[in-house]
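Student: I am new to this structure and would be grateful for a close look at a single part of it. A connected account of how that part relates to the rest would be most helpful.

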Amino acid sequence: MENKTLRYLKYFFSHSSKTFWLLPTTLLTISILLIISLYLLNKDNSITISQNKNIEITPTQIRSIEDIGEWEFLAISDEELVDTLRKGFFGDSELVRIYYGTLRLGINLREAQPGWIRAGQDTIVATLPPIKLLDKDFIDEAKTRSFYESGSWNEQAREQLYQKAYNAMLRRCMTPSNIKSAQENAGRQFYHLLTSMGYDHVKIRFQNR
Amino acid sequence: MKNIAYMIFLAILLMSCGDKEKTAAKSYQLDTIPMMVLQIQKTSRLYTTEYHLHKIITHNDVKSITGKIFNQSFHIDLPVGKRKIAIPLDATLKAYVDFSNFTSKNIKKAGKKIEIILPDPHIVLTSTKINHQEVKQYVAITRSNFTDEELTSFENQGRTAIIKDIPSLDMIGIAKENAAKTLIPFIKQMGYAEEDITITFRKQFNLNDIEKLIDKTTIENGK
């Protein structure tokens, strides 16, 4: 049986023409080359839907430059989580943001009375203006983080949230204890400054509010 | 023949899907906890100059398809409508001299003359405010409105852009002049004549120095 098959194969190979083998070999080679070239051409293929998330380049203008004389003695950095809720027929809408601000307590040297420093031989008396909030605008609104949003909100709602955060920071930071702490630090710092300038006896007072 | 063409097209599509840069599922974490945090710092800073800056933040949002096929890059804007927004932003910056480490070493006395060597001036961003009434936006009917997260992202980018502009605004020069203007009347009250008072700074500052003089809280906030 085995000999019969071998004889048959020998007969087939000896009698089949070279052209008969050329066609499938060529087709196989072309297919392999086609697959390899298609793979090489397409291995880096990618398609993505992109969206521009950056702002455009615009100039920064200086609106004004002011000469000031404010001495800060206490800086309170605060962050407030504020939210607003709107009841609706199809469900409630909510907007929650985190605001950041720094309240600076100190004195404004422009508010010092004439002769607020009286110096003698080795004695000096300084009467400082009262401690106050140095900046009316203390929120860094551009640093605000959006925490949660459902529904659509307009700019008026965002302005109201800002005011809410503003009042919350004022309530939390402008406390009598913080004002007292700023005043004590002011006394200490001025004492240190004036002794550094060579005065042995330094007296620090505050103007009445 | 037609079938072979379909098969080749299918093979190309399948290979396009094999994205090299696999987008791993990202979990976003805010660097803050949803509660109030208060930080109190005792300072001794003399603010001498206040700058009011204004910037209009603009954003033009166009959806587009970008990619690479047959080693050829392409970028096609999709005709799904535009979204545009302009946000006016006001910022206040202040220049200050820190007296926390001021000692007798900063003072030189020679007879009636006095020289005060001041620490380096610094610049801090004290506040930013969005003019909500003046915000203008256009959103095509086919697009969704700007989300609160997108708005805060644009505002934050505007803030960063202001900080980057600080070195080009020549603030330190004015801050030094104003520091002298504030301190001279103060020292005159101690009995020194104006011509006997000299206020000096450690050195002249170049552009690289100015970047270092921006208060670190301002830069941290910008990140």
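Is B:Glu155 buried or exposed, and how many C-beta neighbours inside 10 Å does B:Glu155 have?

Tutor: The model under discussion is predicted. B:Glu155 counts as buried, because 21 C-beta neighbours lie inside 10 Å, and the cut-off for a buried residue is 20 or more. The residue belongs to helix α2 of chain B. Apart from neighbours within four places in sequence, its contacts reach into both chains: A:Ala142 and A:Thr144 on the one hand, and B:Ile57, B:Ile87, B:Leu89 and B:Ile130 on the other. By contrast, B:Lys42, which is 113 residues away in sequence, lies 30 Å away in space, C-alpha to C-alpha.

The chain around B:Glu155 may be considered next. Chain B comprises 5 helices and 9 strands, and their order from the N terminus is α-β-β-β-β-β-β-β-β-α-α-β-α-α. Of the 223 residues in chain B, 25% are buried, and B:Glu155 is one of the buried residues. Among the contacts of chain B with a separation of 6 or more, 81% join residues 24 or more positions apart.

Helix α2(B) spans residues 148–165, and a loop connects it to α3(B), residues 171–188. B:Asp170 is placed in that loop. Its phi is positive, at about 50°, although the residue is not a glycine. B:Asp170 is exposed, because 12 other C-beta atoms lie within 10 Å, and a residue with 12 or fewer is classed in this way.

A second positive phi is found in the hairpin of β5(B) and β6(B), where B:Gly111 takes a value near 65°. This hairpin has 2 residues between its strands. The strands, residues 107–110 and 113–118, run antiparallel and are joined by 4 bridges. Within the pair, B:Ile107 stands opposite B:Ile116.

The nonpolar core offers a further view of chain B. The largest such core has 65 residues, and those that touch the most other members are A:Leu105, A:Ala186, B:Leu93, B:Ile123 and B:Met171. B:Ile123 is in contact with two others of that group, B:Leu93 and B:Met171, and also with B:Ala95, B:Ile166, B:Leu213, B:Ile214 and B:Asp215, when neighbours within four places in sequence are left aside. As a general matter, nonpolar side chains tend to be buried together in soluble globular proteins.

The contacts of B:Glu155 with A:Ala142 and A:Thr144 lead to the interface as a whole. There, 74 residues of chain A are in contact with 87 residues of chain B. On the side of chain A, elements that give two or more residues include α2 (18–42), β1 (46–51), β7 (145–150) and α4 (176–196). The largest share, 22 residues, comes from β2(A). By class, this side of chain A has 28 nonpolar, 23 polar and 23 charged residues.

Strand pairing also crosses between the chains. β1(A) and β2(B), the latter covering residues 63–69, run antiparallel and are joined by 6 bridges. In this pairing A:Ile47 stands opposite B:Gly67. Helix α4 of chain A holds A:Leu193, which is buried, with 21 other C-beta atoms within 10 Å. Beyond its neighbours within four places in sequence, A:Leu193 is in contact with B:Phe99 and B:Phe102. A:Lys43, in turn, is 150 residues from A:Leu193 in sequence and 71 Å from it in space, C-alpha to C-alpha.

For chain A, the unreviewed UniProt entry lists residues 20–41 as a "transmembrane region". In the model this span is 100% helix and 0% strand, with its end C-alpha atoms 33 Å apart.

Finally, the confidence of the prediction should be noted. Chain B has a mean pLDDT of 82, and 80% of its residues reach 70 or more. Over residues 16–35 of chain B, however, the pLDDT is below 50, and this stretch has 14 contacts beyond near neighbours in sequence. Where pLDDT is low, the predicted coordinates should not be read in detail. For the complex, the predictor gives an ipTM of 0.79 and a pTM of 0.79.

Key:
Residues numbered from 1 in each chain as written. Chains lettered and ligands numbered in written order. UniProt positions renumbered as here; feature names shortened; annotations may be inferred. Contact = placed C-beta atoms within 7 Å. Nonpolar A, V, L, I, M, F, W, Y, C, P; charged D, E, K, R; others polar. Pairing = 2+ DSSP bridges. Core = buried A, V, L, I, M, F, W, Y, C linked by C-beta atoms within 7 Å. pLDDT = per-residue confidence, 0-100.
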